[in-house]
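Subject: Structure handover

Hello,

Please find the structure below, followed by notes on what was found in it.

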6 protein chains.
Amino acid sequence: MEKWIRSLKTNTPQEGFELAILLAQKGIEYTQPSVAIRKKLRPKYSKNPDSLIAASEVIAIHFQTVAAANNYWKTK
Amino acid sequence: MEKWIRSLKTNTPQEGFELAILLAQKGIEYTQPSVAIRKKLRPKYSKNPDSLIAASEVIAIHFQTVAAANNYWKTK
Amino acid sequence: MEKWIRSLKTNTPQEGFELAILLAQKGIEYTQPSVAIRKKLRPKYSKNPDSLIAASEVIAIHFQTVAAANNYWKTK
Amino acid sequence: MEKWIRSLKTNTPQEGFELAILLAQKGIEYTQPSVAIRKKLRPKYSKNPDSLIAASEVIAIHFQTVAAANNYWKTK
Amino acid sequence: MEKWIRSLKTNTPQEGFELAILLAQKGIEYTQPSVAIRKKLRPKYSKNPDSLIAASEVIAIHFQTVAAANNYWKTK
Amino acid sequence: MEKWIRSLKTNTPQEGFELAILLAQKGIEYTQPSVAIRKKLRPKYSKNPDSLIAASEVIAIHFQTVAAANNYWKTK
């Protein structure tokens with residue numbers, strides 16, 4: 001796979017959150033590499049509240065990692 | 001997306017908990033950006049106890065992050 | 001919402017566990033603010049073993065936070 | 001509720017694991033205080049592999065807490 | 001229960017991973033002590049992808065604990 | 001089982017993420033060692049969005065471990 005991440009460092013908590021979202025998506029992409037299949041699944045899970053909550057949980061776990069990597073952006 | 005968070009710092013544990021709720025909601029918003037669809041889903045999951053427990057879990061994970069970022073509000 | 005938490009500090013692990021339970025409940029309350037609806041859901045999930053295990057998981061996550069905030073009550 | 005825990009300290013990892021099990025059970029007991037109902041649920045979830053895996057997950061989360069509280073029993 | 005663990009220390013990450021698997025299994029064993037019942041359940045969950053992913057998650061949580069206990073095998 | 005991991009150290013966050021994927025897969029392999037059965041399950045879960053999200057969650061948990069083991073690749 002091409003290079004998609006260089007560092008866990010971000011300038012702001014919001015960029016860190018968006019990196020967490022990318023990490024969550026990449027976990028899905030590596031497991032299901034077909035863009036076509038993923039596109040077909042999207043309308044399904046994005047209207048299912050339990051799937052959305054589960055996706056939000058994966059983001060939360062990655063956000064813990066990114067926040068720790070940035071020392072919680074404490075010096076900002 | 002517009003700026004919705006500036007810092008993980010909060011004055012009190014309660015504000016920290018409310019920030020954790022915001023983070024959990026944002027994870028859902030980024031995944032399903034349509035306000036209309038999210039509004040339609042709300043009555044469904046907010047009356048399903050398992051969905052509520054799952055939402056509470058996402059909040060719990062984010063609260064770990066926010067609490068660590070605030071050194072558990074120990075000096076207060 | 002009125003003030004419902006002042007500190008993550010507790011005197012004992014048991015009080016810390018009870019605070020973790022409160023935090024888990026608050027995650028549900030913020031998501032479903034209606035007391036009437038929550039009361040109606042209670043008999044349902046409190047007799048479903050999978051819901052009980054899931055509730056216990058949310059408590060476990062919060063207990064990690066509370067225990068860390070109290071340095072695991074090590075000096076007691 | 002009567003006193004059921006005094007400390008997170010245990011002499012061995014195995015006792016720590018057993019404390020984690022107690023904590024997982026207590027999360028269920030506080031949510032469903034009726035012994036009669038819990039007894040009725042037991043045969044159901046204890047024969048459901050997904051429930052057993054979920055119970056094992058709650059134990060795993062508590063074991064993280066207990067292990068950290070004991071500094072991973074490193075000096076033993 | 002007989003003694004089944006003495007220490008969280010392992011020589012290598014792979015042994016640590018295998019200890020995490022043992023811990024995940026023990027969480028199930030304590031909850032369902034009957035070997036006969038567990039054997040009957042095995043063919044069921046071991047062919048269900050969602051059960052396998054859930055089992056892998058429990059292992060992942062325990063591996064966090066074991067890895068921390070070994071300081072991530074950094075000096076090796 | 002043959003040796004499949006030597007260290008949690010990786011040169012980059014991306015290699016760390018790919019190690020997290022390997023760890024998630026190994027959790028499944030140890031639980032279901034049959035290659036034939038795993039191959040049969042793959043088309044099923046890889047087209048189920050909830051399974052994909054769950055797999056992404058296991059990866060996220062392992063990525064926390066790998067990131068901590070690499071001190072978040074901070075010096076890079």
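Leu19(A) sits in helix α1 of chain A, which covers residues 13-31; helices here are DSSP runs of H or I with at least four residues, strands are runs of E with at least two, and both are numbered from the N terminus. Leu19(A) has a relative accessible area of 10% and is therefore buried (buried is under 20% relative accessible area, exposed is over 50%, and partly exposed lies in between, with a 1.4 Å probe and protein chains only). Leaving aside residues up to four places away in sequence, Leu19(A) touches Ile5(A), Ser7(A), Leu8(A), Thr10(A) and Val66(A), where contact means heavy atoms within 4.5 Å. Between Leu19(A) and Ala60(A) the separation is 41 residues in sequence and 11 Å in space, C-alpha to C-alpha.

Some conventions before going on. The model is predicted, so local features need pLDDT of at least 70 and side-chain atom pairs count only at pLDDT 80 or more, while totals for chains, interfaces and linings use all residues. Residues are numbered from 1 along each chain as its sequence is written, chains are lettered from A and ligands numbered from 1 in the order in which they are written, and side-chain values use heavy atoms, with hydrogens and water left out.

Next, helix α3 of chain D, residues 49-69. At 1.5 Å a residue, its 21 residues should span 30 Å, and the end C-alpha atoms are indeed 30 Å apart; the expected span is 1.5 Å times one less than the number of residues. Of the 21 residues in α3(D), 19 are buried, so the helix is mostly covered. At the N-terminal end, Asn48(D) acts as a cap for α3(D), with a side-chain oxygen 2.9 Å from the backbone nitrogen of Asp50(D). Asn71(D), just after α3(D), has a positive phi of about 50 degrees.

How do the chains relate to one another? A turn of 60 degrees and a shift of 0.0 Å along the axis lay chain A on chain F with an RMSD of 0.0 Å; copies are superposed by least squares on the C-alpha atoms of residues with pLDDT of at least 70 in both. That is the relation of a six-fold axis. Within chain A, the C-alpha nearest the axis belongs to Ile61(A), at 6.9 Å. The two copies use different surfaces, as 16% of the contact residues of chain A recur in chain F. Chain A does not touch chain D, and their nearest C-alpha atoms are 14 Å apart. Chain A and chain E do not touch either, with nearest C-alpha atoms 12 Å apart.

Chain B and chain A do meet, with 31 residues from chain B and 25 residues from chain A in the contact. About 2500 Å² is buried between them, and carbon and sulfur atoms give 68% of that area (buried area is the accessible area, with a 1.4 Å probe, that two parts lose on being put together, summed over both). The count of salt bridges between chain B and chain A is 0, a salt bridge being a side-chain nitrogen of Lys or Arg within 4 Å of a carboxyl oxygen of Asp or Glu. On the side of chain B that touches chain A, the elements giving two or more residues are α1 (13-31), α2 (35-45) and α3 (49-69) of chain B. The largest share of that side, 11 residues, comes from α3(B).

Regards

Terms used:
A polar contact is a pair of N or O atoms within 3.5 Å; within protein, one must be able to donate a hydrogen and the other to accept it, and residues adjacent in sequence count only if both atoms are side-chain atoms.
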